Amino acid sequence: MRAPIPYLLAYANTIASRLADAELRPHGLTVRQFGLLAQLRAEPELTIADLARQLGITRQSLHGMVDELERDGHLVREPGASGRTRRLALTLGTAGLLADAGGPLARAEAQFLRGVSTRDREALRTLLQRVLATATDDEAWL
């Protein structure tokens, strides 16, 4: 029996997240927090609802992550375009934190994909970005 792709992705996520979290721990971040901050850096106009949809998590889960990141000084909540929405803004030091995370994430990626050729790594990255762009209806992944 061939393993279903959702199972393979879920299991790969478990392993990759464990490696990335261990590398990011000295920087006070998890890979999910890094993803949230990186998404906000790429698309600063996103509302909380938009961000939850793009990250594929519930608004409740997002609020928990935002609370932690706000408490740690990585972002602030600001009024959104309308009086009813809120947007998130990165603090000044967060850009440096995201840049500093590049090395640890590269190490986690190298550990996770050891034995996989550079060509296959890039093919995997391209395919995952295409899948995410389609699944989230967000071309920012491309």
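A pocket, as the word is used here, is an open set of grid points where a 1.4 Å probe fits, with protein on both sides within 12 Å along at least five of seven lines. In this predicted model, the largest pocket holds about 2000 Å³ of space. Of the 44 residues that line the largest pocket, those closest to its centre are Asn13, Val31, Leu128, Leu132 and Trp141. Here is a friendly tour of that pocket, the chain around it and four residues worth finding on your screen.

**The largest pocket**

- Five elements each give two or more residues to the lining of the largest pocket: helix H1 (5-24), helix H2 (31-42), helix H3 (48-55), helix H6 (102-112) and helix H7 (118-136).
- H1 supplies the largest share of that lining, with 11 residues.
- By residue type, the lining of the largest pocket divides into 28 nonpolar, 9 polar and 7 charged residues.

**The chain as a whole**

- The protein chain has 7 helices and 2 strands, and along the sequence they follow the pattern α-α-α-α-β-β-α-α-α.
- For 142 residues, a compact globule would have a radius of gyration near 14 Å, and the 16 Å of the protein chain agrees with that.
- Taken along the principal axes, the C-alpha atoms of the protein chain fill a box of roughly 50 × 35 × 25 Å.
- Buried residues make up 27% of the 142 in the protein chain.
- The protein chain exposes about 9300 Å², and 57% of this area is supplied by carbon and sulfur atoms.
- Among contacts in the protein chain between residues at least 6 apart in sequence, 46% join residues at least 24 apart.

**Two residues of helix H6**

- Gly103 is found in helix H6, and its relative accessible area is 32%, so Gly103 counts as partly exposed.
- Gly103 and Glu23 are 80 residues apart along the chain, and their C-alpha atoms are separated by 8.8 Å.
- Glu109 also has its place in helix H6; because its relative accessible area is 28%, Glu109 is partly exposed.
- From C-alpha to C-alpha, Glu109 and Leu19 are 8.1 Å apart in space, with their positions 90 residues apart in sequence.
- Leaving aside neighbours within four places in sequence, Glu109 is in contact with Arg121 and Arg125.

**Trp141, after the last helix in the pocket lining list**

- Trp141 is found in the segment after H7, and it is one of the residues closest to the centre of the largest pocket.
- With a relative accessibility of 27%, Trp141 lies between the 20% limit for buried and the 50% limit for exposed, so it counts as partly exposed.
- Once neighbours within four places in sequence are left aside, Trp141 is in contact with Gln39, Gln129, Leu132, Ala133 and Thr136.
- One of these contacts, Leu132, is itself listed among the residues closest to the centre of the largest pocket.
- Trp141 and Leu113 are 28 residues apart in sequence, and their C-alpha atoms are 21 Å apart in space.

**Gly56, in a loop**

- Gly56 has its place in the loop between H3 and helix H4 (59-71).
- Gly56 has 63% relative accessibility, and the limit for exposed is over 50%, so Gly56 counts as exposed.
- Gly56 and Thr136 are 80 residues apart in sequence and 7.8 Å apart in space, C-alpha to C-alpha.
- Thr136 also appears among the contacts of Trp141.

Note on methods. Residues are numbered from 1 along each chain as its sequence is written. This is a predicted model: local features need pLDDT of at least 70, side-chain atom pairs count only at pLDDT 80 or more; totals for chains, interfaces and linings use all residues. Side-chain values use heavy atoms; hydrogens and water are left out. On a 1 Å grid over the protein atoms alone, a cavity is a set of points where a 1.4 Å probe fits but cannot get out, and a pocket is an open set with protein on both sides within 12 Å along at least five of seven lines; lining residues have an atom within 4 Å of a point. Grid points are joined across faces, edges and corners, and a volume is the space filled by probe spheres set on the points. Helices (H or I, at least four residues) and strands (E, at least two) are DSSP runs, numbered from the N terminus. Ala, Val, Leu, Ile, Met, Phe, Trp, Tyr, Cys and Pro count as nonpolar, Asp, Glu, Lys and Arg as charged, and the others, Gly among them, as polar. The radius of gyration is taken over C-alpha atoms; the globule rule is 2.2 Å times the number of residues to the power 0.38. Buried means under 20% relative accessible area, exposed over 50%, partly exposed in between (1.4 Å probe, protein chains only). Contact means heavy atoms within 4.5 Å. Accessible areas come from the Shrake-Rupley method with a 1.4 Å probe; for residues, only the protein chains shown count as cover.
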